[in-house]
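Visitor: Hi, I have a model open and would like a quick tour. Could you walk me through it?
Guide: Happy to, let's bring it up.

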Amino acid sequence: WGAYATGTRIAREEIAARGPGQVTLAVLSTLRRALFGAERRALRRGVATGLSIDGAPMTEPARLIGLATTLQRPLVAGMNPFWGEGPGPIRWLDVPAPGHRLALAAPFLALGRPRRWMTRAGYASGRAARIELSLDTPFVMDGETFPPGRNGPMILTASEEIAFISL
């Protein structure tokens, strides 16, 4: 959730403009637009999000980035941005807007090794059995974009970890 939906939209626009054979240029253009272009300000402002982790509401009103997964292995390119504990199988990450010192935090996030200043700035991670999420922007799951829930919050639940066999 958060800027992920905007980043997905920008990437799709760039790939559509350049063609699927130019993915590297599309990724670089997406980063340029997000870091230096007109979208930068909107991305840093974050997305108004209602978020509750196992019934405990998170207090920040706007979020820059949010991730949730039941996979127990690292994500793409070995990233593992989860470090907290909790009772459930859903691993989650929450970065409040505007993402205080985000460029400095990025490598620590990717490794799941936050610094004390990051937790003081609101960077949070943990494990949960239930996440309630209220958005007014699209939700991205496995690269697919879904409209926000109109009849209340989206509820993410899991009773156990998911394992995949890979050869």
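Guide: Let's start with R101, which is partly exposed at 42% relative accessibility. Keep in mind that this is a predicted model.

Visitor: Where does R101 sit?
Guide: R101 is in the loop between β4 and α4.

Visitor: And what is the sign of phi at R101?
Guide: Positive, at about 50°, although R101 is not a glycine. Most residues other than glycine have a negative phi.

Visitor: Which other residue that is not a glycine has a positive phi of about 50°?
Guide: D54 has one. D54 lies in the loop between β1 and β2, with β2 covering 56-57.

Visitor: Is D54 buried, partly exposed or exposed?
Guide: Partly exposed, because its relative accessible area is 36%, and the partly exposed class lies between 20% and 50%.

Visitor: My backbone check also flags a peptide bond. Which one is cis?
Guide: The bond from A97 to P98 is cis, with omega near 10°. P98 is found in the loop between β4 and α4, the helix at 102-111. Most peptide bonds are trans.

Visitor: Let's zoom out. How many helices and strands are there?
Guide: The protein chain has five helices and nine strands. Along the sequence they follow the pattern α-α-α-β-β-β-β-α-α-β-β-β-β-β.

Visitor: How compact is the chain, going by its radius of gyration?
Guide: The radius of gyration is 16 Å, close to the 15 Å that the globule rule gives for 167 residues, so the chain is as compact as a globular protein of that length. The C-alpha trace spans about 45 × 40 × 40 Å along its principal axes.

Visitor: What share of the residues is buried?
Guide: Buried residues make up 35% of the 167 in the chain. On the outside, the chain exposes about 10,100 Å², and carbon and sulfur atoms supply 59% of that area.

Visitor: What about contacts between residues far apart in sequence?
Guide: Take the contacts between residues at least 6 apart in sequence: 64% of them join residues at least 24 apart.

Visitor: OK, what's inside? How many residues are in the largest nonpolar core?
Guide: It has 14 residues, and I131, L133 and L135 have the most contacts inside it. The elements giving two or more residues to this core are β1 (47-53), β4 (90-96), β5 (124-128) and β6 (130-135). In soluble globular proteins, nonpolar side chains tend to be buried together.

Visitor: Zoom in on L133 for me. What does L133 touch?
Guide: Leaving aside residues up to four places away in sequence, L133 touches W1, T49, G50, L51, F139, P153 and M154.

Visitor: And what lies apart from that largest core?
Guide: There is another core, of 13 residues, with L43, L64, L109 and W117 among them.

Visitor: Now the charges. How many salt bridges does the structure hold?
Guide: Two. In one of them D94 pairs with R63, and the closest N and O atoms are 2.7 Å apart. This pair links distant parts of the chain: D94 is in strand β4 and R63 in strand β3 (residues 62-69), 31 residues apart.

Visitor: Are D94 and R63 buried or exposed?
Guide: D94 counts as buried because its relative accessibility is 2%. R63 counts as buried too, at 0%. The cut-off for buried is under 20%.

Visitor: What else does D94 touch?
Guide: Not counting residues up to four places away in sequence, the residues that D94 touches include W1, L51, M58, I65, G122, Y123 and A124.

Visitor: And which residues form the other salt bridge?
Guide: E132 and R130, with the closest N and O atoms 3.2 Å apart. E132 counts as partly exposed at 25% relative accessibility, and R130 counts as partly exposed at 34%.

Visitor: One last arginine: where is R41?
Guide: R41 is in helix α3, residues 39-45. R41 counts as exposed, because its relative accessibility is 69%. Its C-alpha atom is separated by 33 Å from that of R73, which is 32 residues apart along the chain.

Visitor: Great, thanks for the tour!

Key
Residues are numbered from 1 along each chain as its sequence is written. This is a predicted model: local features need pLDDT of at least 70, side-chain atom pairs count only at pLDDT 80 or more; totals for chains, interfaces and linings use all residues. Side-chain values use heavy atoms; hydrogens and water are left out. A nonpolar core is a set of buried Ala, Val, Leu, Ile, Met, Phe, Trp, Tyr and Cys residues joined through side-chain atoms within 4.5 Å. Buried means under 20% relative accessible area, exposed over 50%, partly exposed in between (1.4 Å probe, protein chains only). Helices (H or I, at least four residues) and strands (E, at least two) are DSSP runs, numbered from the N terminus. Contact means heavy atoms within 4.5 Å. A salt bridge is a side-chain nitrogen of Lys or Arg within 4 Å of a carboxyl oxygen of Asp or Glu. The radius of gyration is taken over C-alpha atoms; the globule rule is 2.2 Å times the number of residues to the power 0.38. Accessible areas come from the Shrake-Rupley method with a 1.4 Å probe; for residues, only the protein chains shown count as cover.
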